[in-house]
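Here is a short briefing on selected sheets, single residues and a surface patch. Look at the model first, then read the points below.

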Amino acid sequence: MEQRKYEALRWVCVVVALLLWSVASAQIRYSISEEVNEGTVVGNVAKDLGLDKSTLKERKYRIVSSTTDPLFHVNQNDGILYVNRKIDREEVCAQSSTCLINLKTVLENPLEVHYIGVEILDVNDHSPSFPDTEKTLEISESVVSGTRFQLQAARDPDSGHFSVQQYKLSPNDHFRLEVKDKGEDGKIPILTVQKYLDREAAGSHSLVLTALDGGKPIKSGNMNILVNVLDVNDNAPVFSKDVYSVMLDENAPLGTTVVQVNATDLDEGPNGDVIYSFSNSVNRKLFKLFEIIPSTGEIIVKGLVDFEQKDKYEIEIQASDKGLAPLTTEKSVIIKIVDVNDNAPEIEVTSFSSFIPEDSRPGTTVALISVNDLDSGLNGKVICSMGEDVPFTLSPSLQDKMYSLVTKSPLDREKQSHYDLTITAKDAGQPPLSSEKTISVVVSDVNDNSPEFSLSPYTFYVTEGNNPGASVFSVNASDRDENDNALISYHIVRDRSEENKVASFLNINSENGDILALKSFDFETLKTFQFQVVASDSGTPSLSSNVTVNVFILDQNDNAPVILYPVSSNGSAEGVEEIPRNVNAGHLVTKVRAYDADIGYNGWLLFSLQQVTDHSLFGLDRYTGQIRTLRSFTETDEAEHKLLILVKDNGNVSLSATATVVVKLVEPKEAFAASDVKSSAKDEEGTDVTFYLMITLGSVSVLFLISIIVLIAMQCSKTTDYTSKYLQETNYDGTLCHSIQYRSGEKRYMLVGPRMSIGSTIVPGSHANTLVLPDRRRGSGEEEDQYFHTWKSWILSL
């Protein structure tokens, strides 16, 4: 049963060997003779491989060689393989029967590897030669016919048929030539005695041994042999063993005993003393590795024994006696070298792309890696590995000891742009040896990130009256890519819509995002607006993103108060009021009306008396502008009084206006006459007052309803991305009304005007925003007059 298993296993090994031979032989193979001239064509590689000649140069078709002076080169223009320098087969392949040079060729982008075999054919350019041109043999006359003497073999650097093929011995009667074929060591000439020697007839014989090769024409070499016939020594040494075969570990220390041979001689005296030596047929290279002690027959290690250079040595040992005609016996000693794991694996990067785009798909080849171990068996079996914490992996190739370094997962340069990949090759010997190689891979950028603004949306506050052409604010965006992919330019979205009209007065610095206003903003004309800025990178294709910019105009105190009453016929702020002399204290003389186009404190008006003829007669309400009598008039009081009223706002730099009121005291009868005239005028104006009131109330009601609808719509569509800190309405135009009521003295006042921003102060007293509510204790005529002047001034302020 064990025999059958052994036979089956042997057949499996044979089949596997045949398969491997068929795969290896599938590569392209050429043959050329040695010593051909430089530039000789070897073969059309592009044609035989089916490659497109027009792409060879672009794809960098080349031969991968570790030498600086390679034997071959391939033309990238036509794909033809040429001889790069003269080839000496004996230098390249020594004594190998077949000289096959394996070339590895590589195309890049996409990566392809092709193997080409070039067989160097031998040329008969060497003649056989003997180590010594002359050889002296001492042969006893008592030797029997058929005695053999091994001679030194001739050496021919050529191989195969051009090496030594035969020997010829010069014609003679006593000796003939035999040839022993020893395989790798070539053919060994043996001189054989064919007729008894007679020293008295001939004390010596001169022979010529000729070595011939198989070339045409045949080349030859000669060695002269002098045979001295000695007296009788009829017993040759005899070795104790028929076969000497030993195992020796490579790298054995110098002086290590390999084996000790032993031979005995039945003769006595010098004819029975045995000495040992290497045979004349031993290759002189072995003299550097081994030596034999003549007296003991010990073969010891003399040099470095390397299994990777040769795994078996067959050494011819001869034992000779010390007779006058020494007899010699030869024996072969077979030394088998045992492999020791003394070579670490070697890692070679055949082809390498140091830059790989970050959008490369998993499985993209980065490099081709080959490993080699000069040891054999398990000592030469190599396994490659790499760290698990990188997005790369090693993929075994169909060819033995070849790996592809490929991407394992998607790459992201913004997370990591550089990888130092350490590849470890470890053999299976005991103890195992390993080596490492580090490959640096740089992940190149791809435009896969859009610019990102630092804020979204942007909210800016700009004070009105800004300098045209000056930068008012700026936006900023960043891009996680690099180089041109991160080079950002800015522009403002412009269209012809009404909402985007203000954007036409803006300009943006495309490089840094600074936004310039081409004109001054006026709060009283524009209170807020919105536009969009687009940031685009310079990648291909370009990526962009936009952001909404909300701009709020801040009020400046740039409007002086305007006097509405009194106004004379020529437009100056001057008026005349007539009152009876018999009015009591607190009588309303008149009311100075004014408004300011600014808002908040800038539009809050205060009234003060600058000049008056008699301070004890008239008083001015600081907030309402009402002029009242402080006491009753006397006969001694003058009939005409001039009052200069200053109206100023509450801005940081206060602006003001002045009005002049002339109060004339008339007798009661004159006052009644004037009153009748005014009553008739009021009757005529009654219809107008009613008409103004109806228009005003209707307008306020419509505006109020529109405001409510707009507020509800805005509240429903409001998003969490943007809320104003100061204004509830994004398009505030000052038309939404509200009111606050307050009392000053005997009168009630209502502040009516546009909705103020949160945080602003609503100040009673600004006439433009104030309605005087009728006091039910007064007559209808006075109420109607107050309504008329109040609403009329409010409409003008709107």
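A residue is called buried under 20% relative accessible area, exposed over 50%, and partly exposed in between (1.4 Å probe, protein chains only). This is a predicted model: local features need pLDDT of at least 70, side-chain atom pairs count only at pLDDT 80 or more, and totals for chains, interfaces and linings use all residues. Residues are numbered from 1 along each chain as its sequence is written, and side-chain values use heavy atoms, with hydrogens and water left out.

**Terms for the sheets**
- Helices (H or I, at least four residues) and strands (E, at least two) are DSSP runs, numbered from the N terminus.
- Two strands pair if DSSP finds at least two bridges between them.
- Strand angles use axes fitted to C-alpha atoms and run from 0 to 180 degrees between N-to-C directions.

**Mixed sheet**
- An open sheet of 4 strands runs in the order β8-β14-β13-β10, and its pairing is mixed.
- Its edges are β8 (134-140) and β10 (164-169), each paired on one side only.
- Neighbouring strands here are turned by 25° against each other on average, direction ignored.
- Strand β13 (residues 204-213) is antiparallel to β10, with 5 bridges between them.
- K168 has T210 in β13 as its bridge partner.

**Antiparallel sheet**
- Another open sheet of 4 strands has the order β24-β26-β29-β28, with antiparallel pairing.
- β24 (346-352) and β28 (392-396) are the edge strands, and each pairs on one side only.
- The average turn between neighbouring strands of this sheet is 30°, direction ignored.
- β28 and strand β29 (residues 402-407) run antiparallel and share 5 bridges.
- F392 sits opposite T407 in β29.

**The loop after β29**
- P410 belongs to the loop between β29 and β30 (418-427).
- P410 is exposed, because its relative accessibility is 64%.
- P410 and E358 are 52 residues apart along the chain, yet their C-alpha atoms are separated by 7.4 Å.

**A buried serine**
- S536 lies in strand β39 (residues 528-537).
- S536 counts as buried because its relative accessible area is 14%.
- Leaving out residues up to four places away in sequence, S536 touches P451, L487, I488, S489, H491, S542, L543 and S544; contact means heavy atoms within 4.5 Å.

**Helix α4 and the patch**
- I712 is part of helix α4 (residues 668-717).
- With a relative accessible area of 51%, I712 is exposed.
- I712 joins F704, L705 and I708 in a nonpolar surface patch, with about 390 Å² of accessible area together.

Methods
Patch = residues over 30% accessible without salt bridge, like charges linked within 9 Å, V, L, I, M, F, W, Y side chains within 5 Å. Areas by Shrake-Rupley, 256 points an atom, 1.4 Å probe, with all protein chains shown as cover. Salt bridge = Lys/Arg side-chain N within 4 Å of Asp/Glu carboxyl O.
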